Amino acid sequence: MDILKVLSDIFSFVLMLAAVGFILYLSYAVTKKLGGSMTGGMSKNMRVVDRLFVGRDKSIVVVRVGEKDYLLGLSQNTVTLLTELSEGQIMDFSDFSDEETGKVPGEFLETLKKKWKK
């Protein structure tokens, strides 16, 4: 009778492990499906250049479409075109990165001074 009890306990343990594994797999599959649909996918002609969060569910986004840049206001249910940005209004700050570390320093003024001295 002790062997039956041990076998029953082992079977219960294996069944619980299988249930936990199934729940983990289901969580992974649902997260992957939802996450993929929320990112929207890649585009050859459009990309988000910059984003600034200004409040709960509100942000300002610079989007490049082809060769043009647009400033958009985003809220939970609305996308508003704020303006079309002309060429040169967006500065590429990657040119101001520290040559040794490759990182952009926290102090913008110091970085500009270093670049202007050269």
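Which residue in S3 is the bridge partner of Val 63? Keep that question in mind while you move through this model, which is a predicted one, and the tour will come back to it.

**The whole chain**

Begin by selecting the whole protein and colouring it by secondary structure, where you should find 2 helices and 4 strands. Following the chain from the N terminus, you meet these elements in the order α-β-β-β-β-α. If you then switch on the surface, the protein exposes about 10,700 Å², and carbon and sulfur atoms supply 63% of that area. Of the 118 residues, 10% count as buried. Among contacts between residues at least 6 apart in sequence, 2% join residues that are at least 24 apart.

**The sheet**

Next, select the strands together, and you will see an open sheet of 4 strands in the order S1-S2-S3-S4, with antiparallel pairing. Its edges are strand S1, residues 46-55, and strand S4, residues 79-85, each of which pairs on one side only. Turn the view slowly and compare neighbouring strands, which are turned by 20 degrees against each other on average when direction is ignored.

**From S1 to S2**

Now select S1 together with strand S2, residues 58-65, where 8 bridges join the two antiparallel strands. Two places are worth labelling here: Arg 51 stands opposite Val 61 in S2, and Val 48 stands opposite Val 63 in S2. Move on to the hairpin of these strands, which has 2 residues between S1 and S2, and pick out Asp 57, which takes a positive phi near 60 degrees.

While S1 is still on the screen, select Val 54, which lies in this strand. Is Val 54 buried or exposed? Val 54 is exposed, because its relative accessible area is 51% and the cut-off for exposed is over 50%. Leaving out residues up to four places away in sequence, Val 54 touches Ser 59 and Ile 60. You can also draw a distance from the C-alpha atom of Val 54 to that of Ser 75, which is 21 residues apart from it along the chain, and the separation is 9.9 Å.

**From S2 to S3**

Select S2 and strand S3, residues 68-74, next, where 7 bridges join the antiparallel pair. Here the opening question finds its reply, since the bridge partner of Val 63 in S3 is Tyr 70. The hairpin of S2 and S3 again has 2 residues between the strands, and in it Gly 66 takes a positive phi near 65 degrees.

Stay with S3 and select Asp 69, which is found in this strand. Asp 69 counts as buried because its relative accessibility is 9%, while the cut-off for buried is under 20%. Show the side chains of Asp 69 and Arg 64, and you will find a polar contact of 2.7 Å joining them. When neighbours within four places in sequence are left aside, Asp 69 is in contact with several residues, among them Val 49, Val 62, Glu 84, Leu 85 and Ile 90.

**From S3 to S4**

Finally, select S3 with S4, which are antiparallel and joined by 6 bridges. Within this pair, Leu 71 stands opposite Thr 83 in S4. Follow the chain from one strand to the other, and you pass through a hairpin with 4 residues between S3 and S4.

Key. Residues numbered from 1 in each chain as written. Predicted model: local features only at pLDDT ≥ 70, side-chain atom pairs only at ≥ 80, totals over all residues. Heavy atoms only, no water. Buried < 20%, exposed > 50% of the residue type's maximum accessible area, 1.4 Å probe, protein only. Contact = heavy atoms within 4.5 Å. Areas by Shrake-Rupley, 256 points an atom, 1.4 Å probe, with all protein chains shown as cover. Pairing = 2+ DSSP bridges. Axes fitted to C-alpha atoms, helices over the stretch in contact; angles between N-to-C directions. Polar contact = N/O pair within 3.5 Å; in protein donor to acceptor, adjacent residues only side chain to side chain.
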